[in-house]
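Here are some friendly notes to read with the structure open beside you. Each point takes up one place in the fold, and you can follow along in any viewer.

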Amino acid sequence: MLTRRTFAAVLIAALAMPTLAAAQATTPSAATIERQLEAAPKVKLRPNQRVTIREFKRRPDLRRMARSIDIQSINFAFGSAAISESQYGKIENIADALQRILRRDRGARILIEGHTDAVGSFQSNQILSEQRAASLKRTLVREFGVPGYALETVGYGEEFLLVQTQNENWRNRRVTLRRFDDFIR
(Lines give C-alpha, C1' and ligand atoms only; values in the text may rest on other atoms or scores of the structure.)
Protein backbone atom coordinates (compact mmCIF):
# COMPACT_ATOMS: atom_id res chain seq x y z
CA MET A 1 0.00 0.00 0.00
CA LEU A 2 1.25 3.43 -0.99
CA THR A 3 1.36 5.88 1.90
CA ARG A 4 0.92 9.61 1.39
CA ARG A 5 4.57 10.21 2.23
CA THR A 6 5.75 7.59 -0.29
CA PHE A 7 3.36 8.93 -2.92
CA ALA A 8 4.63 12.50 -2.34
CA ALA A 9 8.26 11.35 -2.64
CA VAL A 10 7.54 9.48 -5.88
CA LEU A 11 5.64 12.47 -7.29
CA ILE A 12 8.45 14.91 -6.42
CA ALA A 13 11.06 12.59 -7.97
CA ALA A 14 8.99 12.23 -11.14
CA LEU A 15 8.54 15.98 -11.45
CA ALA A 16 12.24 16.59 -10.90
CA MET A 17 13.27 14.23 -13.71
CA PRO A 18 13.52 16.01 -17.05
CA THR A 19 11.10 14.68 -19.61
CA LEU A 20 12.12 13.92 -23.17
CA ALA A 21 10.18 16.94 -24.40
CA ALA A 22 11.76 19.23 -21.80
CA ALA A 23 15.26 17.99 -22.58
CA GLN A 24 14.71 18.48 -26.30
CA ALA A 25 13.16 21.90 -25.78
CA THR A 26 16.02 23.23 -23.67
CA THR A 27 18.40 25.30 -25.73
CA PRO A 28 21.56 26.56 -24.07
CA SER A 29 21.41 30.28 -23.39
CA ALA A 30 23.31 32.66 -25.64
CA ALA A 31 25.73 33.24 -22.76
CA THR A 32 26.37 29.49 -22.39
CA ILE A 33 26.94 29.05 -26.12
CA GLU A 34 29.24 32.07 -26.15
CA ARG A 35 31.18 30.84 -23.11
CA GLN A 36 31.72 27.39 -24.66
CA LEU A 37 32.91 28.78 -27.98
CA GLU A 38 35.08 31.46 -26.36
CA ALA A 39 36.74 29.16 -23.81
CA ALA A 40 40.50 28.86 -23.98
CA PRO A 41 41.48 26.51 -26.79
CA LYS A 42 42.29 22.98 -25.62
CA VAL A 43 45.39 23.04 -27.79
CA LYS A 44 47.36 25.65 -29.74
CA LEU A 45 48.62 24.52 -33.13
CA ARG A 46 51.80 25.98 -34.55
CA PRO A 47 51.34 27.62 -37.96
CA ASN A 48 52.97 24.65 -39.73
CA GLN A 49 50.45 22.27 -38.08
CA ARG A 50 47.37 24.13 -39.26
CA VAL A 51 45.17 22.51 -41.90
CA THR A 52 42.60 23.47 -44.51
CA ILE A 53 38.94 23.57 -43.55
CA ARG A 54 38.41 20.51 -45.72
CA GLU A 55 41.01 18.55 -43.76
CA PHE A 56 39.64 19.82 -40.44
CA LYS A 57 36.21 18.44 -41.36
CA ARG A 58 37.75 15.02 -42.08
CA ARG A 59 39.85 14.77 -38.92
CA PRO A 60 37.94 13.78 -35.77
CA ASP A 61 41.13 14.14 -33.72
CA LEU A 62 41.33 17.85 -34.53
CA ARG A 63 37.60 18.43 -34.16
CA ARG A 64 37.66 16.88 -30.66
CA MET A 65 40.27 19.47 -29.66
CA ALA A 66 38.17 22.41 -30.86
CA ARG A 67 35.85 24.40 -28.62
CA SER A 68 32.30 23.16 -29.16
CA ILE A 69 28.76 22.82 -27.90
CA ASP A 70 26.02 20.34 -28.82
CA ILE A 71 22.58 21.77 -29.53
CA GLN A 72 19.97 19.03 -29.22
CA SER A 73 16.88 21.18 -29.05
CA ILE A 74 16.28 22.13 -32.68
CA ASN A 75 13.43 19.91 -33.78
CA PHE A 76 13.17 18.81 -37.38
CA ALA A 77 10.23 16.86 -38.76
CA PHE A 78 11.07 13.22 -39.49
CA GLY A 79 13.19 13.04 -42.64
CA SER A 80 13.12 16.82 -43.10
CA ALA A 81 15.74 19.54 -43.01
CA ALA A 82 13.25 22.41 -42.90
CA ILE A 83 13.35 24.64 -39.84
CA SER A 84 9.93 25.91 -38.84
CA GLU A 85 9.41 29.38 -37.38
CA SER A 86 8.47 27.71 -34.10
CA GLN A 87 12.19 26.94 -33.70
CA TYR A 88 13.35 30.54 -34.21
CA GLY A 89 13.44 31.34 -30.49
CA LYS A 90 16.00 28.59 -30.01
CA ILE A 91 18.02 29.70 -33.01
CA GLU A 92 17.98 33.27 -31.74
CA ASN A 93 20.12 32.13 -28.77
CA ILE A 94 22.69 30.73 -31.20
CA ALA A 95 22.60 33.87 -33.37
CA ASP A 96 23.03 36.19 -30.37
CA ALA A 97 26.06 34.25 -29.16
CA LEU A 98 27.67 34.12 -32.60
CA GLN A 99 27.11 37.82 -33.23
CA ARG A 100 28.72 38.76 -29.91
CA ILE A 101 31.71 36.51 -30.66
CA LEU A 102 32.09 38.02 -34.14
CA ARG A 103 31.89 41.58 -32.81
CA ARG A 104 34.93 40.82 -30.62
CA ASP A 105 36.77 38.67 -33.17
CA ARG A 106 35.94 39.05 -36.87
CA GLY A 107 38.26 36.12 -37.58
CA ALA A 108 36.16 33.66 -35.57
CA ARG A 109 34.89 30.74 -37.65
CA ILE A 110 32.19 28.27 -36.65
CA LEU A 111 31.53 24.85 -38.13
CA ILE A 112 27.89 23.75 -38.00
CA GLU A 113 27.87 19.95 -37.84
CA GLY A 114 24.68 18.05 -38.59
CA HIS A 115 24.16 14.64 -36.95
CA THR A 116 21.40 12.04 -37.16
CA ASP A 117 20.49 8.89 -35.29
CA ALA A 118 21.16 5.48 -36.86
CA VAL A 119 17.61 4.82 -38.09
CA GLY A 120 17.56 4.65 -41.89
CA SER A 121 20.34 4.04 -44.37
CA PHE A 122 23.82 5.43 -43.90
CA GLN A 123 23.49 7.32 -47.21
CA SER A 124 20.13 8.92 -46.39
CA ASN A 125 21.33 9.94 -42.92
CA GLN A 126 24.47 11.47 -44.42
CA ILE A 127 22.46 13.56 -46.87
CA LEU A 128 19.91 14.56 -44.22
CA SER A 129 22.63 15.69 -41.79
CA GLU A 130 24.25 17.85 -44.50
CA GLN A 131 20.88 19.39 -45.36
CA ARG A 132 20.08 20.13 -41.72
CA ALA A 133 23.43 21.85 -41.13
CA ALA A 134 22.93 23.92 -44.30
CA SER A 135 19.38 24.76 -43.23
CA LEU A 136 20.59 26.08 -39.86
CA LYS A 137 23.26 28.19 -41.57
CA ARG A 138 20.70 29.58 -44.01
CA THR A 139 18.36 30.49 -41.15
CA LEU A 140 21.14 32.11 -39.11
CA VAL A 141 22.20 34.20 -42.11
CA ARG A 142 18.81 35.12 -43.61
CA GLU A 143 16.65 35.47 -40.52
CA PHE A 144 19.16 36.61 -37.88
CA GLY A 145 21.87 38.43 -39.84
CA VAL A 146 24.84 36.26 -38.85
CA PRO A 147 27.55 36.83 -41.48
CA GLY A 148 27.75 33.84 -43.80
CA TYR A 149 31.54 34.14 -44.15
CA ALA A 150 31.92 33.02 -40.53
CA LEU A 151 29.96 29.77 -40.92
CA GLU A 152 30.87 26.46 -42.55
CA THR A 153 28.69 23.36 -42.62
CA VAL A 154 29.25 19.63 -42.70
CA GLY A 155 27.08 16.58 -42.16
CA TYR A 156 28.27 13.46 -40.36
CA GLY A 157 25.06 11.46 -40.51
CA GLU A 158 25.17 8.62 -38.00
CA GLU A 159 28.97 8.51 -37.91
CA PHE A 160 29.48 10.10 -34.47
CA LEU A 161 26.64 8.86 -32.26
CA LEU A 162 26.50 10.17 -28.70
CA VAL A 163 24.40 7.18 -27.66
CA GLN A 164 25.64 3.98 -29.30
CA THR A 165 22.42 2.44 -30.55
CA GLN A 166 20.92 1.44 -33.87
CA ASN A 167 17.53 2.52 -32.51
CA GLU A 168 16.01 5.97 -32.53
CA ASN A 169 17.55 8.26 -29.92
CA TRP A 170 16.92 12.01 -29.83
CA ARG A 171 20.35 12.72 -28.29
CA ASN A 172 21.97 11.63 -31.54
CA ARG A 173 19.84 14.02 -33.63
CA ARG A 174 21.74 17.20 -32.94
CA VAL A 175 23.73 20.08 -34.28
CA THR A 176 27.20 20.74 -32.96
CA LEU A 177 28.75 24.18 -33.15
CA ARG A 178 32.53 23.95 -33.30
CA ARG A 179 34.95 26.88 -33.38
CA PHE A 180 37.74 26.09 -35.81
CA ASP A 181 39.69 29.31 -36.49
CA ASP A 182 42.53 28.04 -34.24
CA PHE A 183 43.08 25.07 -36.56
CA ILE A 184 43.05 26.39 -40.12
CA ARG A 185 45.62 28.20 -42.24
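1. Let's begin with the whole chain. Of its 185 residues, 42% count as buried. Please keep in mind as you read that this is a predicted model. The secondary structure comes to 7 helices and 4 strands. Starting at the N terminus, the elements follow the order α-α-α-α-α-β-α-β-α-β-β. As for how the chain folds back on itself, take the contacts with a separation of 6 or more: 82% of them are between residues 24 or more positions apart.

2. Next, a helix pair. Two packed helices are described by the angle between their axes and the distance between the axes. Here helix H6, residues 88-104, packs against helix H7, residues 122-144, at an angle of about 80°, and the axes are 10 Å apart. Angles from 65 to 115 degrees count as roughly perpendicular, so H6 is roughly perpendicular to H7.

3. Which residues of H6 and H7 meet? On the H6 side they are Tyr-88, Ile-91, Glu-92, Ile-94, Ala-95, Leu-98 and Gln-99. On the H7 side they are Leu-136, Thr-139, Leu-140, Glu-143 and Phe-144. Sorted by class, this contact has 8 nonpolar, 2 polar and 2 charged residues.

4. While you are on H6, have a look at Asp-96, which lies in that helix. Asp-96 has a relative accessible area of 28%, so this residue is partly exposed. Along the sequence, Asp-96 and Val-146 are 50 residues apart, yet their C-alpha atoms are 8.7 Å apart in space.

5. Lys-57 deserves a point of its own. This lysine sits in helix H4, residues 53-58. Is Lys-57 buried or exposed? The cut-off for buried is under 20% relative accessible area, and Lys-57, at 18%, counts as buried. The side chain of Lys-57 makes a polar contact of 3.3 Å with the side chain of Glu-152. Setting aside residues up to four places away in sequence, Lys-57 touches Arg-63, Leu-111, Glu-152, Thr-153, Val-154 and Tyr-156.

6. A little further along the chain is Asp-61, in helix H5, residues 60-65. With a relative accessible area of 32%, Asp-61 is partly exposed. The side chains of Asp-61 and Arg-59 are joined by a polar contact of 2.8 Å.

7. Now to the aromatic rings. The count comes to 4 aromatic pairs. One of these is formed by Tyr-156 and Phe-160, with 5.2 Å from centre to centre and 80° between the planes. Planes over 60 degrees apart count as edge-to-face, so that is the label for the pair of Tyr-156 and Phe-160. The two partners are worth checking for exposure: Tyr-156, at 5% relative accessibility, counts as buried, whereas Phe-160, at 25%, counts as partly exposed. Tyr-156 also appears among the residues that Lys-57 touches. Elsewhere, ring pairs link Phe-56, Phe-180 and Phe-183 into a cluster.

8. Thr-27 is a loop residue to look at, placed between helix H2 (20-25) and helix H3 (30-38). At 14% relative accessibility, Thr-27 counts as buried. What does the side chain of Thr-27 make a polar contact with? The partner is the side chain of Ser-73, at 2.5 Å. Beyond its neighbours within four places in sequence, Thr-27 is in contact with Ser-73, Lys-90 and Asn-93.

9. Asn-169 is another loop residue, found between strand E3 (151-155) and strand E4 (175-179). Its relative accessible area is 13%, which means that Asn-169 is buried. Apart from neighbours within four places in sequence, Asn-169 is in contact with Asp-117 and Val-163. Asn-169 and Ala-118 are 51 residues apart in sequence, with 8.3 Å between their C-alpha atoms.

10. Last, compare Ala-40, in the loop between H3 and H4. Ala-40 has a relative accessible area of 65% and is exposed, whereas the loop residues Thr-27 and Asn-169 are buried. The C-alpha atoms of Ala-40 and Ala-66 are separated by 9.7 Å, with these positions 26 residues apart along the chain counted as their separation.

Definitions and conventions: Residues numbered from 1 in each chain as written. Predicted model: local features only at pLDDT ≥ 70, side-chain atom pairs only at ≥ 80, totals over all residues. Heavy atoms only, no water. Axes fitted to C-alpha atoms, helices over the stretch in contact; angles between N-to-C directions. Helix = DSSP H or I, 4+ residues; strand = E, 2+ residues; numbered from the N terminus. Parallel < 35°, antiparallel > 145°, perpendicular 65-115°, else oblique. Contact = heavy atoms within 4.5 Å. Nonpolar A, V, L, I, M, F, W, Y, C, P; charged D, E, K, R; others polar. Buried < 20%, exposed > 50% of the residue type's maximum accessible area, 1.4 Å probe, protein only. Polar contact = N/O pair within 3.5 Å; in protein donor to acceptor, adjacent residues only side chain to side chain. Phe/Tyr/Trp six-rings, centres within 6.5 Å; stacked < 30°, edge-to-face > 60°.
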